[in-house]
Amino acid sequence: MKRLRVAIAYNSYEEAQHEAASSDSSSGHHLRLMIRRMARTLRGLGHDVVIIHLAGDLSKLQRKLKRLRPHVIFNQYDDVVHGALYEMRFAAFIRMLGYPITGSPALALGLSRDKYMALSLMKGAGIPIPSDTTLLERVSAVDGHKWHFPLIVHPGQEHAGIGMGRDSVVHTKKALRDQVRQVIGSYKQPALVQGFLPGREFNVGILGGRKLRVMPLAEVDYTRLPQGIPPIMSYAAKWVETSVEFKRTRVICPARVEPSLAALISDTAARAFRVIGGWGYGRVDVRLDEDGLPRVLEVNCNPCLDKGIGLARSAERAGISYPELLQAVIRAAFEGPPYDMHLPIFSTKPDAAPRRRRTRRQPVKRPV
Ligand SMILES: Nc1ncnc2c1ncn2[C@@H]1O[C@H](COP(=O)(O)OP(=O)(O)O)[C@@H](O)[C@H]1O
Ligand SMILES: [Mg+2]
């Protein structure tokens, strides 16, 4: 690949709110380290890299991009600051400026944050999803359904384990009602209720544009969790290092799975990624049902690309190094998505000096 000007665009809660936050808060610190690691890796591939921190002023960003004229925007925008819908808005804005952008397009990013819409599309396309998948906007709606317990209750538009804890798996109608009330009240979003899948859980890494490549499967191993704690990737299991959930949950990659089951899981995940319009790279969460068959929990578009974890770890097991992974992500940005054009709606030419207005001579009206 030729030498490119790459702009890594990212945002962070800490820097957007710098008066309120301490600069060494750990998530902001980790994020900055990851961004620097990415920049170093891309420079190692021979690209010119500039890091753009988004602090909310889009016209400033537009001017900066006009000046820098990057060949591609490496999208590391996260919704932490402005909420779930802003991931898709940022991607749309960049495309309207006419720049290629890494990862999924706006529509897929929006869908991957609206689990119910995404799951409904998958269901329509014949991809298996958890039974009883229902969106509840009011607690009273619990009474309008016939439920098969156990169930799991999510906030409808969160990600990264937010709102998922020990009370998320419910066995009675009373517990269901309490959990739906808690989700609607605390997260100000509808509750997504589904049948609880009791089987093994897999994360499926996906890489590529027109041609998708599925990475070796990773399995979430809950077998060491104490009795009474539900086997789910809760917020604690993901982020709270001191919790028993975190200490007793591990990811095994590559997972030990019979080849025919691995092929079925991989195929199901790749179809789910395509159905919602994912592009470039993704991670699909899948769980087995009581018959041992895979059902899709969610499609993560633009998942974490940090070295050594998640998608990057699965890619390594396929012999794809970290630099090769980032290069593949950039390559996919130039491939598509299909029917999209690099057609700026706003001017991307450097600003010209203001021109003097020429006054048009008014045509002289002749007396008739
Ligand atoms: N229907 C389900 N059955 C069993 N476990 C589930 C189900 N839905 C979610 N989970 C568990 O909850 C975790 C988080 O759910 P997920 O939909 O992946 O949301 P997040 O965006 O928080 O990762 C999953 O990794 C899985 O362990
Ligand atoms: Mg998940």
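**A covered strand, a parallel sheet and two nonpolar cores**

Both faces of strand β7 are covered, with A191, V193 and G195 buried on one side and L192 and Q194 buried on the other. This picture, like everything that follows, comes from a predicted model. Counted along the strand, which spans residues 191–195, five of its five residues are buried. The two-sided arrangement can be read against a general pattern: in a regular strand the side chains alternate between the two faces of the sheet.

The partners of β7 come next. Strand β4, residues 134–136, pairs with β7 in the antiparallel sense through three bridges, and within this pairing L135 has L192 as its bridge partner. Strand β5, residues 151–155, also runs antiparallel to β7, and five bridges join the two. Here L151 stands opposite G195. L192 and G195 thus appear twice in the description, as bridge partners of L135 and L151, and as buried residues on opposite sides of β7.

Turning to the overall make-up, the protein contains twelve helices and 13 strands. It has 368 residues, of which 38% count as buried. Among contacts with a separation of 6 or more, 71% are between residues 24 or more positions apart.

A parallel arrangement is found in an open sheet of three strands, ordered β2-β1-β3. Because β2 (48–53) and β3 (72–76) stand at the edges with a single partner strand each, one side of each is left without a neighbour in the sheet. From one strand to the next, the twist averages 25 degrees. Strand β1, residues 5–10, is joined to β3 by five bridges in the parallel sense, and A9 finds its bridge partner in N75 of β3.

What, then, of the nonpolar interior? In general, nonpolar side chains of soluble globular proteins tend to be buried together. The largest nonpolar core of this model holds 65 residues, and V204, I206, A269, A272, V284 and V296 touch the most other members. Helix α12 (residues 322–335) supplies the largest share, six residues. At least three residues of this core come from each of domain 1 (5–101) and domain 2 (103–129 + 197–217 + 253–340). A272 offers a closer view: leaving aside neighbours within four places in sequence, A272 is in contact with M122, I127, V284, V296 and V299. Apart from this core lies another, of 17 residues, including I152, V153, V193 and L197. V193 leads back to the opening strand, where V193 is buried on the side of β7 that also holds A191 and G195.

Terms used:
Residues numbered from 1 in each chain as written. Chains lettered and ligands numbered in written order. Predicted model: local features only at pLDDT ≥ 70, side-chain atom pairs only at ≥ 80, totals over all residues. Helix = DSSP H or I, 4+ residues; strand = E, 2+ residues; numbered from the N terminus. Buried ≥ 20, exposed ≤ 12 C-beta atoms within 10 Å, placed from the backbone. Contact = placed C-beta atoms within 7 Å. Pairing = 2+ DSSP bridges. Axes fitted to C-alpha atoms, helices over the stretch in contact; angles between N-to-C directions. Core = buried A, V, L, I, M, F, W, Y, C linked by C-beta atoms within 7 Å. Domains from an automatic or database assignment.
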